[in-house]
Amino acid sequence: MRRTLTEKLLAAHAVSGEAKTGSIVQCRVDLALANDITAPLAIKSFRAMGATKVFDKNKIALVMDHFTPNRDIASAEQVRGVREFAKEMGIVHYYEGGDCGVEHALLPELGLVGPGDVVVGADSHTCTYGALGAFATGMGSTDVAGAMVLGETWFKVPDAIHVTITGAMGPWVGGKDLILQVIGEIGVAGARYCVMEFDGPVIEDLSIEGRMTMANMAIEAGGKAGLFAADDKTLAYCAAHNRPNAEKIAADQGAEYQREVTIDVTGMSPRVAVPHLPENVKGVEECKGTTIQQAVIGSCTNGRIEDLREAAAVLGGRKVSKNVRAIILPATPAIWKQAMDEGLFTVFMDAGCVVGPPTCGPCLGGHMGILGKGERAISTTNRNFKGRMGHLESEVYLAGPAVAAASAVAGEIVHPDAL
Amino acid sequence: MTAPIRGTAHTMGHHIDTDAIIPATYLVSTDPIELGKYCMAGMDPDWVNHVEEGDIIVAGENFGCGSSREHAPIAIIGAGVKAVIAKSFARIFYRNAFNMGLLLLEVGDAVDKISQGDTLSIDPAAGTITDETTGESFKFAPVPPFMQEILNKGGLVGYVSDRLESQAG
């Protein structure tokens with residue numbers, strides 16, 4: 001039988017049930033993840049289950065990245081509880097402070113996720129690891145608590161949608177623009193309870209970082225996961241990131257998909273998702289004249305070194321508008337150091353940006369960049385729901401790093417070439 | 001199986017996201033009563049003041065899209081809501097609600113016909129929703145067997161503790 005990548009990955013982890021589309025299968029998990037918001041609830045459920053130890057102290061990651069550095073006493077207390085739990089259980093991969101980054105940028109960098117893995121995380125953007133050929137999906141805290149105890153969880157094997165990206169990418173167009181275009185075409189429920197398996201010539205040429213940006217936003221189309229074959233590029237990334245023995249994996253030729261979506265990106269300009277849904281996708285030129293008060297460059301979607309380089313290429317020799325707060329948050333300590341070593345911070349500081357620590361803060365209206373009433377932000381993050389970054393009467397526009405940087409300079413949403 | 005439910009319908013639109021259900025800023029608690037105070041605060045901070053114990057949310061497509069935060073079904077439960085009827089649910093939310101014991105029903109024709117403020121009664125055993133205000137009834141399919149098994153163990157917490165006990169035994 002010719003199998004989708006989804007079926008292959010789940011079949012390789014099945015302990016009971018058949019990993020055929022539509023059936024329910026119990027699977028081993030290679031990693032269970034939670035953060036400072038979701039781990040406290042997972043620990044509560046873990047205790048309620050009567051558990052006294054985790055299934056494997058090496059296969060659990062607890063990353064304190066959302067309201068951190070702790071924004072208030074309540075968030076500090078949540079982190080304290082998780083820290084004590086990690087110590088009690090002997091959890092090896094607990095991250096807080098100087099070794100901590102935005103979880104979905106940090107874990108691939110540390111080699112904790114890789115091709116062939118099944119990963120569950122109490123964070124919806126866990127789907128990022130699909131970029132490396134892992135079946136990775138977001139769940140709630142109680143589901144993750146169950147996985148922490150048993151080392152297993154159940155899945156209904158999802159239908160797969162085959163998304164093929166063809167054509168030639170224009171200037172300043174990257175992974176963010178590709179995934180926004182996909183979400184714009186199929187809608188925020190277009191892949192509900194499905195996996196998107198991405199391929200095509202554009203994907204083959206795309207960097208692993210660009211693929212992570214795309215996989216990251218599979219959930220924004222309702223997807224359970226967004227998968228990419230693990231190819232030579234994946235193996236090179238893994239070899240450079242503490243994962244030396246990774247192996248290639250891909251869907252079988254001729255596998256059956258629920259739906260085929262083909263997108264030709266020739267001539268496509270950078271994309272922008274306007275409030276209040278990620279499916280409200282327009283060309284950047286259609287947003288001209290939209291003034292902004294804040295620009296955020298960072299997050300699990302676009303806070304990697306490639307993104308910071310792109311922003312620096314636009315900001316070099318220019319000044320951020322007096323009316324805009326431009327906030328740059330490298331996603332991990334390693335990215336932070338690399339950006340410093342490459343001189344990107346000099347570019348950002350000369351342009352008038354604020355450079356902050358790795359944190360999810362502003363993406364979810366947590367801290368370090370909250371919007372007031374009537375304010376508008378352009379952001380490289382993943383959601384533009386109403387009130388996402390602060391006041392209910394504020395607005396978030398989603399874009400890639402180049403458009404966010406250019407808009408910070410212009411004080412309104414613009415194409416980088418229009419500066 | 002869940003006991004019969006009777007309450008007032010609170011209607012809403014499509015794609016009600018988890019930031020609408022419980023904005024991230026309130027996620028410094030795991031307590032249902034505390035989270036319940038801010039249920040739907042991302043849509044309308046006053047919404048919760050019009051809800052009584054036993055009430056029912058009636059929504060469009062893709063209810064619960066967005067974050068994996070389990071705080072979303074917990075906030076709904078904390079506000080006193082006993083069931084959500086929608087055209088469709090986002091899948092992480094669906095699973096979370098199930099694990100938390102919040103009844104979700106995908107019944108599109110009911111959503112089309114129920115109006116804000118109608119009195120509804122749900123009989124989970126019979127698989128019926130009755131709009132007492134209009135007199136109309138709607139059928140829904142029974143819960144799938146695998147989920148029934150988890151339900152029979154009292155939710156996921158009960159299911160896992162049961163497995164732990166059998167391993168120890």
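**Cavities and nonpolar cores**

In this predicted model, the second largest cavity encloses about 230 Å³ of space. Its lining is made up of 23 residues, and those lying nearest the centre of the cavity are His66(A), Asp123(A), His125(A), Leu364(A) and Arg388(A). Two helices of chain A, H4 (103-110) and H10 (299-302), each contribute at least two residues to this lining. When the lining residues of the second largest cavity are sorted by character, eight are nonpolar, ten are polar and five are charged. Because domain 1 (5-262) and domain 2 (272-418) of chain A both give residues to this lining, the second largest cavity lies between them.

The structure holds four cavities of 30 Å³ or more, and the largest of these contains about 310 Å³ of space. The largest cavity is lined by 29 residues, and the ones that lie nearest its centre come from both chains, namely Ile219(A) and Gly222(A) together with Ala90(B), Arg91(B) and Ile92(B). Two or more lining residues are given by each of strand E7 (135-138) and strand E8 (152-156) of chain A, and by helix H4 (91-100) of chain B. Of the contributing elements, H4(B) gives the most, with five residues. The lining of the largest cavity consists of 13 nonpolar, nine polar and seven charged residues. As residues of domain 1 (5-262) and of domain 2 (272-418) of chain A are both found in this lining, the largest cavity, too, is placed between the two domains.

Attention now turns to the packing of nonpolar side chains. In soluble globular proteins, nonpolar side chains tend to be buried together. The largest nonpolar core of the model comprises 126 residues, and the members that touch the most other members are Leu62(A) and Phe348(A) from chain A, and Ile57(B), Phe63(B), Ile76(B) and Phe93(B) from chain B. Helix H14 (residues 401-410) of chain A supplies the largest share of this core, which amounts to seven residues. At least three residues of the core are drawn from each of domain 1 (5-262) and domain 2 (272-418) of chain A.

The surroundings of Ile76(B) illustrate the packing within chain B. When residues up to four places away in sequence are left out, Ile76(B) touches Ile21(B), Cys39(B), Ile57(B), Phe63(B), Val81(B), Val84(B), Phe93(B) and Leu102(B). Apart from the largest core lies another core, which has 61 residues and includes Ile183(A), Ile203(A), Ile208(A) and Tyr237(A).

Key
Residues are numbered from 1 along each chain as its sequence is written. Chains are lettered from A and ligands numbered from 1 in the order in which they are written. This is a predicted model: local features need pLDDT of at least 70, side-chain atom pairs count only at pLDDT 80 or more; totals for chains, interfaces and linings use all residues. Side-chain values use heavy atoms; hydrogens and water are left out. A nonpolar core is a set of buried Ala, Val, Leu, Ile, Met, Phe, Trp, Tyr and Cys residues joined through side-chain atoms within 4.5 Å. Buried means under 20% relative accessible area, exposed over 50%, partly exposed in between (1.4 Å probe, protein chains only). Helices (H or I, at least four residues) and strands (E, at least two) are DSSP runs, numbered from the N terminus. Domain bounds come from an automatic or database domain assignment. Contact means heavy atoms within 4.5 Å. On a 1 Å grid over the protein atoms alone, a cavity is a set of points where a 1.4 Å probe fits but cannot get out, and a pocket is an open set with protein on both sides within 12 Å along at least five of seven lines; lining residues have an atom within 4 Å of a point. Grid points are joined across faces, edges and corners, and a volume is the space filled by probe spheres set on the points. Ala, Val, Leu, Ile, Met, Phe, Trp, Tyr, Cys and Pro count as nonpolar, Asp, Glu, Lys and Arg as charged, and the others, Gly among them, as polar.
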